[in-house]
Structures are given as structure tokens and as C-alpha cells.
Amino acid sequence: MLKTISFVRGFRVPTQKDIDEALGNDASFSNEFKSSFNSLPNPTNDLDWLANYKEKGQTYRKFLDESPFLDDSYSLKKYIYLTLLVNDDRLSLLNIDHLIDYTQRFFQMEVKLLPLFTNIYWNNTKKKWICTMKGRNDLIKEITLRTRYNSTTEHSQIYVDNILNLLKRSVPSDARCLVAITLHDLYSDESDLFIAGLAHGNCHVAAFSFFRYDPRLKFGDEFWYDWKIKKTQSKLMSIIILLRSCRLLTHEIGHLLGIGHCIYYGCLMNGSGHLQEDFSQPLFLCPIDLRKLSQLANFDFIQRYEKLLDFCTENQFNDETDILKKRLEILKNDKQMIQTKKNKNIDHEIKQKTKRLKKN
């Protein structure tokens with residue numbers, strides 16, 4: 001049984017009135033659709049995000065005020081760019097084609113793969129990761145990545161800020177953001193056990209690691225270099241890694257597009273304080289954040305959900321498939337009801353017009 005932990009001091013759980021105001025009065029979602037989303041969960045672990053951080057939340061109106069991509073000066077920035085920082089012997093664990101496909105379906109924006117980092121290898125003398133990178137004017141240069149290494153477990157971590165600084169020099173002019181994906185473990189501060197990733201939002205760059213998303217691995221809680229393989233590969237491993245990777249990537253790209261942490265529902269954009277909390281969170285946006293994304297990408301809600309449903313069905317995301325089917329049914333019924341009402345109004349107007357003509 002999960003224990004209940006208090007929210008951090010000063011955090012106020014939103015009321016239904018707060019939630020309605022955060023969504024905005026002119027939103028078109030029905031009550032049935034909104035009720036298909038779970039409420040904000042209570043913390044169950046001392047490390048949970050809202051047990052430690054007093055979030056204020058981001059309303060739809062606040063998003064409109066804060067998002068840079070709604071400004072005309074950003075109209076030519078159309079693409080989400082991904083780049084890989086992965087050595088060849090681990091590349092098979094990362095299904096980049098599936099990640100690109102899902103990211104496009106999720107954001108309804110075109111995603112491009114940018115080949116920045118090549119020939120990534122371990123220098124056993126320096127005990128550091130080395131890569132070559134295409135710079136300005138297509139010049140290729142070798143870069144030594146800042147690395148920490150433990151000789152006992154032979155585990156290494158790459159300094160994430162090193163990667164971010166390299167990305168800042170390479171952001172395409174038409175990019176909404178540039179995201180590096182790696183299967184190498186990352187850290188930002190010497191006190192870190194690890195860091196799943198880091199974004200520099202103002203520079204539109206981020207780097208994320210899926211290393212700790214491998215379900216075969218077990219990690220210690222005290223030392224960053226303490227890990228081991230706890231079980232052999234299973235048929236579900238590739239599904240679990242893809243699901244977890246899709247969740248992390250879309251959450252963090254959401255931040256790069258200006259969507260803040262959600263405190264109104266159980267939502268993809270909920271903050272996460274540790275891996276288990278991360279793994280338990282929804283794959284999809286709540287109505288408030290869905291409305292924010294629709295303002296950026298101007299999509300049809302039903303068509304977007306249908307594309308996500310096709311992906312989740314094909315890749316055996318069974319729980320997510322059930323959720324999407326339920327919400328799609330609600331959205332289609334709502335659309336039918338609206339159309340029926342419109343038809344009745346049109347019929348009524350025609351009848352009224354006919355009566356007036358007869359009188360004349």
C-alpha cells in the first residue's frame with residue numbers, strides 16, 4: 001500500500017474553480033472529456049516533486065503571455081531538431097525512427113534528425129569520451145567531453161553542460177529547439193547521482209539521457225557509479241524503453257516550447273523528483289496543456305489522437321491505447337452533438353425564413 005506524503009509547505013492544491021480558470025472559459029472541451037483525466041496525485045514518496053517544490057502552475061492565459069513562439073518574429077522557426085550522441089555499440093537500444101515518429105505525432109510538428117556528433121568512442125588512456133563534431137563551415141573537429149569515471153565499476157558519466165554548450169553553437173535558424181539524445185549517463189553537479197537531462201530554454205537546447213530507462217539495470221541510491229544488470233533481456237524490454245523515452249522526450253520538449261509544470265491534473269507535464277515517479281506518470285497532456293499545444297500547432301484534436309492511437313497500438317502501449325480509445329470516443333460524440341445542434345439551428349432558421357416569405 002502506498003503511503004501518503006504531505007505536499008511541500010506552502011503548496012496549495014488547486015480547486016475545481018482554479019482548474020476551470022486555468023483552462024479558460026472559452027475552451028471547447030466537454031465535461032465528459034475533462035473527467036476522463038485523473039486528478040493531481042498526492043505524493044507517495046519523500047522524493048516526489050510536489051513534496052519538495054512549491055509549484056504555482058501555468059494557466060493557459062499565462063502560457064499565452066510567456067511563450068515566445070506565439071510572437072511573429074518566431075514564425076520561421078518551424079522544426080524540432082533531434083541529434084544523437086551515441087556510440088555504435090549501444091545504438092541498437094535506441095529506436096530513433098520510432099522516437100521521431102512519435103514526437104511528430106505528439107506535437108504535430110515536423111521533426112528532423114541533425115547529424116552533429118560522429119565517431120563517439122572511449123579513450124581508455126584519458127578515461128574520457130571523445131567525439132567528432134561538425135562545426136561552422138562544415139569543419140570537423142575532435143572534442144574531448146568532460147567525463148567522470150570510477151575505476152571500480154568502470155562506470156562513466158558525461159557532464160551535461162558540456163553538451164549543451166556545444167549545441168548552442170549549432171542551433172539551425174529554423175529550429176524551435178535542438179535536443180541531443182544519448183544513452184550515456186549524465187551529471188551536472190559533482191553531488192549528482194545522475195541527471196536525466198537539462199534544458200537551456202532561452203537558448204532552445206536540451207540534452208537527455210535514456211541510460212537509466214533500461215529496465216534491466218539496477219542503480220544504487222548512494223553512489224553515482226553503483227549499478228548492475230539485474231535481469232536478462234525480455235520481450236517487453238524494447239517496449240518499456242520506448243515508452244519511457246517517449247515520455248521523457250515529449251515532457252522536456254514541452255518545456256522548450258514554453259509549457260510549464262502542471263499542477264491541475266495527472267499529466268505528462270507533472271514534475272518528477274525521481275525515476276519511479278517519472279515512470280508512473282501519464283504519457284499524455286491534460287486539457288489545459290493540450291490547449292496550449294493546440295495554440296502552437298493548430299491541429300485537429302481528433303486527428304491528433306487518431307495518429308497517437310495508431311502509434312500506441314502498433315507499439316503495444318496497451319494502457320495508453322485504452323485511454324486514447326476512450327477519449328477519442330468522447331471527442332467524436334461531442335463533435336456529433338455539436339453538428340446535430342448546428343443542423344437543428346440551421347433547420348430552425350430555414351423554417352423561420354420560409355414563414356417570413358409566406359407572410360410577404
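**View 1. Residues around the centre of the largest pocket.** In this predicted model, 39 residues line the largest pocket. Nearest its centre lie Phe194, Gly273, His274, Leu275 and Gln276. The space in this pocket comes to about 1,200 Å³.

**View 2. Helices and strands in the lining of the largest pocket.** Two strands and two helices each give two or more residues to the lining of the largest pocket. The strands are S10 (197–200) and S12 (217–219). The helices are H6 (237–256) and H7 (275–280). H6 supplies the largest share, five residues.

**View 3. Residue classes in the lining of the largest pocket.** Nonpolar residues number 17 in this lining. Polar residues number 12, and charged residues 10.

**View 4. Residues around the centre of the second largest pocket.** The second largest pocket holds about 750 Å³ of space. Its lining is made up of 33 residues. Pro41, Gly266, Ser280, Gln281 and Pro282 lie nearest the centre.

**View 5. Helices in the lining of the second largest pocket.** H7 and H10 (318–359) are the elements that each give two or more residues to this lining. H10 gives the most, with five residues. H7 also appears among the elements listed for the largest pocket.

**View 6. Residue classes in the lining of the second largest pocket.** This lining has 13 polar residues and 12 nonpolar ones. Another eight are charged.

Terms used. Residues numbered from 1 in each chain as written. Predicted model: local features only at pLDDT ≥ 70, side-chain atom pairs only at ≥ 80, totals over all residues. Heavy atoms only, no water. 1 Å grid on protein atoms, 1.4 Å probe; cavity = no way out; pocket = protein on both sides within 12 Å on 5 of 7 lines; lining within 4 Å. Points joined across faces, edges and corners; volume = space filled by probe spheres on them. Helix = DSSP H or I, 4+ residues; strand = E, 2+ residues; numbered from the N terminus. Nonpolar A, V, L, I, M, F, W, Y, C, P; charged D, E, K, R; others polar.
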